[in-house]
Amino acid sequence: MVVLLFSLDTESAAAQNMLLEAESAVSSEHTVTILGQRVPYRATAGTLPVLNEDGKVLASLFYVFYERTDVRDKSRRPLVFSFNGGPGSASVWMHIGYTGPRFLNIDDEGFPVQPYGVAENPHSILDVADIVFIDPVNTGFSRILSADAERSQFFGVNADINYLAAWIDLFVSRHDRWRSPKYLKGESYGTTRVAGLARRLQSAHWMYLNGVILVSPTEMGLNPPAMEPRSEILKLPYYAATAWYHGQLEPALQQQDLYDILPVVEVFTINEYLPAVAMGGFLDEERRTEIAAQVARFSGIDAQHILNHNLTIPTPFFWKELLRHEGLTVGRLDSRYRGIDRMDAGDRYDHDPALTSWNHSFTPAINYYLREVLGYRTDLRYNIFGPVHPWDRSNDSTGDDLRRAMGENPFLHVMIQAGYYDGATDYFSAKYAMWNMDRSGKVRDRLRFEGYRSGHMMYLRQEDLATSNQHIREFIRDSISEPGEPARY
């Protein structure tokens, strides 16, 4: 049964009813074994309102809160707020696929299996931190409630940040967690979200964080000086990783380990490839041929195709071309996944085999888990992807906002996690964005990068699930100051 929480004073019965509709919660007690230790916890699935400046309800956000129950001192207990991306994606992916105490049924490489469902997650970070998984408006069970609410109040880079910061403030106050060390974790577009939230929480809510975790990050509004095709050039290390995985590199490269190849490709990309393409049509013909040959060697794509594309490789073409001779395509979000099209001709695939595979396994698992295991009963559809368009992307300064937040807060640390086979938000572009977020190098000691032999959702591969969660544990440990330590430079 869903239990309604208390309401606030309202001006009318209609407003009171809307507030009651916006708030719900159902709690249950559980245990999970993490790294061999039995951890008791309380799971609360519910909704809290989004309020305007006058305290009137605009929307209701669905969340699931996991709180370890054998911890008495919450002042030293970390609290992690977790978001996925899209925009328009629910928090389901990292909820039952990464850090939560239950993990969906898939094979060791991340492919769907039946029966659908969940099991204990032995790598969850619940042993070291409490976690809140949040579904932004129109995702999951979150919905706009007020007829007066404008879509523009929710669906845009800055609108999204503003209302979510206020919601986090409300959640922290309701649960008496102002003293806890706080963290934001976002994946894909969620990295844009949490980068902006870090600054917004500090500047408008005076809530200071210990850490921000960027999983498969976007460029976060950063525009380092370069040329138009920069994004395609920076993908060359990802192309090399994918070609290596599928055995498409020349024998001299193929026999090496991935970790031996990638540093070589990265150096070539920065020192030779970027400058060559920057010359555009004025690049010497002999040098153009040399660059095309080297890009072909690292990418597994014929040099003539690279010349035909003016030395770059469009990602849709790469996903279609790499295994065309085998009648297969490779995935965008995770290029380990192979797909089939109705015909081998063309410049782009029919579908992303990675995303369709994940939708296959996550959708039944999250519906089963929330409704039957946690007992949250509602007739609403759980929106894995929700209607949030048009999305206002103007004035995106989130990367610089994160840099400013780090400058203002000596305690704030940032970690990037990225998969080598992610073709949507590739790992080397994430590195490049990290390098350019603070060109002074003054916060370099508080930035950390970790890469994994998987894709956009690197945690779906069991080996990387263990490693990536352990990296979060280390990050939390290293970013919590000693008692009494002052925040100063």
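Which side chain of opposite charge is nearest to D401, and how far away is it? I looked this up first. The model is a predicted one. The nearest such side chain is R199, 5.0 Å away. D401 is buried yet has no salt bridge. I noted the cut-off: a salt bridge needs a side-chain nitrogen within 4 Å of a carboxyl oxygen. The R199 distance of 5.0 Å is therefore no salt bridge by that rule.

I then placed D401. The residue sits in helix α13, residues 398-408. I listed its contacts, leaving out neighbours within four places in sequence. They are A195, G196 and R199. R199 thus appears twice in my notes on D401: as a contact, and as the nearest side chain of opposite charge.

**Salt bridges**

Next I turned to the pairs that do form. The count comes to 31 salt bridges. I went through three of them.

I began with E23 and R174. Their side chains meet at 3.2 Å, N to O. E23 lies in the loop between α1 (13-22) and β1 (24-34), and R174 in helix α3 (residues 157-174), so the pair ties together parts 151 residues apart in sequence. I checked how covered each partner is. E23 is buried, at a relative accessible area of 1%. R174 is partly exposed, at 23%.

I moved on to R177 and E67. Their closest N and O atoms are 3.6 Å apart. R177 is in the loop between α3 and β9 (182-187), while E67 is in strand β3 (residues 57-68). The two are 110 residues apart, and the pair links distant parts of the chain. Buried or exposed, what is R177? R177 counts as buried, at 1% relative accessibility. E67 is buried too, with a relative accessible area of 15%.

I followed this pair outward. R177 and E67 belong to a network of salt bridges. E29, R42, K74, R77 and D130 are also linked in that network.

The third pair is D478 with R477. These side chains meet at 2.9 Å, N to O. D478 counts as partly exposed, at 46% relative accessibility. R477 is exposed, at 56%.

**Cavities**

I asked next how many cavities of 30 Å³ or more the structure holds. There are three. The largest has a volume of about 40 Å³.

Which residues line the largest cavity? I wrote down P87, G88, P136, V137, T139, F154, F155, D160, Y163, R193, V388 and W391. By class, eight of the lining residues are nonpolar, two are polar and two are charged.

**Cis peptide bonds**

P87 from that lining came up again when I looked at the backbone. A cis peptide bond joins G86 and P87, with omega about -5°. P87 is in the loop between β4 (79-83) and α2.

I found another cis bond from Q114 to P115, where omega is near 5°. P115 belongs to the loop between β5 (102-104) and β6 (118-120). I kept the general rule beside these entries: most peptide bonds are trans.

**Helix α2**

The loop that holds P87 runs between β4 and α2, and I went on to the helix itself. How many of the eight residues of α2 are buried? Eight of eight are, and the helix, residues 92-99, is mostly covered. I noted the buried residues by name: V92, W93, M94, H95, I96, G97, Y98 and T99.

**Positive phi**

Last, I looked at residues with positive phi that are not glycine. The general rule is that most residues other than glycine have a negative phi.

W206 has a positive phi of about 55° and is not a glycine. Its place is in the loop between α4 (189-204) and β10 (211-215). Buried or exposed, what is W206? W206 counts as exposed, at 64% relative accessibility.

N310 also has a positive phi of about 55°. I found N310 in the loop between α10 (303-308) and α11 (315-321). N310 is exposed, with a relative accessible area of 56%.

How values were computed. Residues are numbered from 1 along each chain as its sequence is written. This is a predicted model: local features need pLDDT of at least 70, side-chain atom pairs count only at pLDDT 80 or more; totals for chains, interfaces and linings use all residues. Side-chain values use heavy atoms; hydrogens and water are left out. On a 1 Å grid over the protein atoms alone, a cavity is a set of points where a 1.4 Å probe fits but cannot get out, and a pocket is an open set with protein on both sides within 12 Å along at least five of seven lines; lining residues have an atom within 4 Å of a point. Grid points are joined across faces, edges and corners, and a volume is the space filled by probe spheres set on the points. Ala, Val, Leu, Ile, Met, Phe, Trp, Tyr, Cys and Pro count as nonpolar, Asp, Glu, Lys and Arg as charged, and the others, Gly among them, as polar. Buried means under 20% relative accessible area, exposed over 50%, partly exposed in between (1.4 Å probe, protein chains only). Helices (H or I, at least four residues) and strands (E, at least two) are DSSP runs, numbered from the N terminus. Lys and Arg count as positive and Asp and Glu as negative; His and the chain ends are not counted. Contact means heavy atoms within 4.5 Å.
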